[in-house]
Amino acid sequence: MKEEYKVKLIQKEDLGPTCSVLTFICPEIAQTAQPGQFVNLSCAYFLKRPFGIMCVDKESNTFSVGVRKVGKGTGKILEAKEGDEFTVLGPLGNGFQFDGIKKLLLVGGGTGIFPIYCAAEYAKKNGIPCHIVNGYRSRNDAFLYEKFSSVCENFDVTTDAGDLGMKGNVMAYLETIDDSELAGATVMVVGPGIMMRKVSEWALAKGLTCYVSLEQRMACGIGACLVCVCKIKVEKEGKEFVHKRCCKDGPVFRAEEVIW
Ligand SMILES: Cc1cc2nc3c(=O)[nH]c(=O)nc-3n(C[C@H](O)[C@H](O)[C@H](O)COP(=O)(O)OP(=O)(O)OC[C@H]3O[C@@H](n4cnc5c(N)ncnc54)[C@H](O)[C@@H]3O)c2cc1C
Ligand code: FES
């Protein structure tokens, strides 16, 4: 059983009117969390809400999450002020698998850029060559642009509006990458479902290993309620797929296993 921790919000950095990075002190999470894992954060509107871990600082025992307002729960969380207390459960789920990875192509979109940032920091700390491609709606929406630029020399963006980086979505950029750069790369993608699906299809067609982080609606976050099940392919006992819990068996899965 995962433990719950009382944590203090020590920093709130607004990225825009509806999005902030929240930083909490919690040694247990800061010391153990892996890229791709998430936390369940209390809010003043019913259940805790899941957020991908954006970064940890083992020296100051802090971890951060990026929160974008979509409904009442995230709205309440974003009303918090520095010094406020939350209850948090985590780190939860299975994160990205880095063993044996020679080079990385990280692809982020929407709030998926937050866990992608965590993977980018890990790559930098561990000397893994990394290329990041983030898709944004527009320049105003290009959250963490400076942070990504400082964590990775090979950072590219696309915008739907065309006012920053390449015009179009991430696929427009990925199609331009030379096969020689892609050879031997592992792809990790977090973002809206349609984006992850398109990137997965592209990566698998190129013969690349690809991981996605599924974003199902969640309740308990620890595998008990089955709210978050997704369909994962199997090749046994005549079955086509099994249901797996996104929170406990994922949220990271190999792209070829996922039934979209
Ligand atoms: C593993 C995981 C990691 C996540 N990481 C982040 C993150 O780093 N930053 C961030 O801002 N958000 C993240 N989310 C999404 C976040 O949890 C939801 O936006 C939040 O729970 C919505 O709560 P709400 O009460 O504000 O909205 P609600 O009123 O519950 O919903 C508002 C709208 O958002 C949709 N929605 C709610 N939950 C989800 C979900 N899990 N996936 C897709 N759509 C949803 C609803 O269908 C509805 O349309 C993550 C979700 C998961 C499962
Ligand atoms: S959220 Fe309860 S089983 Fe996944």
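In the predicted model described here, the lining of the second largest pocket comprises six nonpolar, five polar and five charged residues. This pocket holds about 300 Å³ of space, and 16 residues line it, among which G135, D160, N169, P192 and M195 lie nearest its centre. Two or more residues of this lining are given by each of the elements β8 (130-136), α5 (170-174) and α7, and the largest share, amounting to three residues, comes from α7.

The largest pocket has a volume of about 1000 Å³. Its lining is made up of 42 residues, and those closest to the centre of the pocket are P50, T111, E215, Q216 and R217. The elements that supply two or more residues to this lining are the strands β4 (49-57), β5 (62-68) and β13 (229-233), together with the helices α2 (72-78), α3 (113-125) and α7 (193-205). Among these contributions, the largest share of the lining of the largest pocket is that of β4, which gives four residues. When the lining residues of the largest pocket are divided by class, 19 are nonpolar, 15 are polar and eight are charged. Helix α7 thus appears in the description of both pockets, since α7 gives two or more residues to the lining of the largest pocket and also provides the largest share of the lining of the second largest pocket.

The space of the largest pocket is taken by ligand 1. Around this ligand there are 19 residues, of which R49, P50, G66, T74 and R217 are the closest. P50 and R217 are also listed among the residues closest to the centre of the largest pocket. The elements that give two or more residues to the shell around ligand 1 are β4, β5 and α2, and β4 gives the most, with four residues. Strand β4 therefore has the leading share in two settings, as the element that gives the most to the shell around ligand 1 and the largest share of the lining of the largest pocket, where an element is a helix or strand defined as a DSSP run. By class, the shell around ligand 1 consists of seven nonpolar, seven polar and five charged residues.

Several contacts between polar atoms of the protein and ligand 1 can be described individually. A nitrogen atom of ligand 1 lies 2.9 Å from a backbone N or O atom of G52, whereas an oxygen atom of ligand 1 lies 3.0 Å from a backbone N or O atom of G71. In the case of R217, the contact is made through the side chain, an N or O atom of which is 2.3 Å from an oxygen atom of ligand 1. Ligand 1 exposes 870 Å² when taken alone, and 76% of that area is buried by the protein.

Apart from the pockets, the count of cavities of 30 Å³ or more comes to one. About 30 Å³ of space lies in the largest cavity, and the residues that line it are R68, G109, G110, I113, G135, Y136, D141 and F143. By class, three of the residues in the lining of this cavity are nonpolar, three are polar and two are charged. G135 is one of the residues lining the largest cavity, and G135 is also among the residues that lie nearest the centre of the second largest pocket.

Some features of the backbone also deserve a description. Most residues other than glycine have a negative phi, and most peptide bonds are trans. Against this background, a cis peptide bond with omega of about 0° joins G90 and P91, and P91 lies in strand β6 (residues 85-92). A cis peptide bond also joins G250 and P251, with omega of about 10°; P251 is placed in the loop between β14 (241-245) and β15 (252-254). A positive phi, near 60°, is found for F46, a residue other than glycine, and F46 is located in the loop between β3 (38-41) and β4.

Conventions
Residues are numbered from 1 along each chain as its sequence is written. Chains are lettered from A and ligands numbered from 1 in the order in which they are written. This is a predicted model: local features need pLDDT of at least 70, side-chain atom pairs count only at pLDDT 80 or more; totals for chains, interfaces and linings use all residues. Side-chain values use heavy atoms; hydrogens and water are left out. On a 1 Å grid over the protein atoms alone, a cavity is a set of points where a 1.4 Å probe fits but cannot get out, and a pocket is an open set with protein on both sides within 12 Å along at least five of seven lines; lining residues have an atom within 4 Å of a point. Grid points are joined across faces, edges and corners, and a volume is the space filled by probe spheres set on the points. Ala, Val, Leu, Ile, Met, Phe, Trp, Tyr, Cys and Pro count as nonpolar, Asp, Glu, Lys and Arg as charged, and the others, Gly among them, as polar. A residue is near a molecule or strand if one of its heavy atoms lies within 4 Å of it. A polar contact is a pair of N or O atoms within 3.5 Å; within protein, one must be able to donate a hydrogen and the other to accept it, and residues adjacent in sequence count only if both atoms are side-chain atoms. Accessible areas come from the Shrake-Rupley method with a 1.4 Å probe; for residues, only the protein chains shown count as cover. A molecule sits in a cavity or pocket if more than half of its atoms lie within 2 Å of its grid points.
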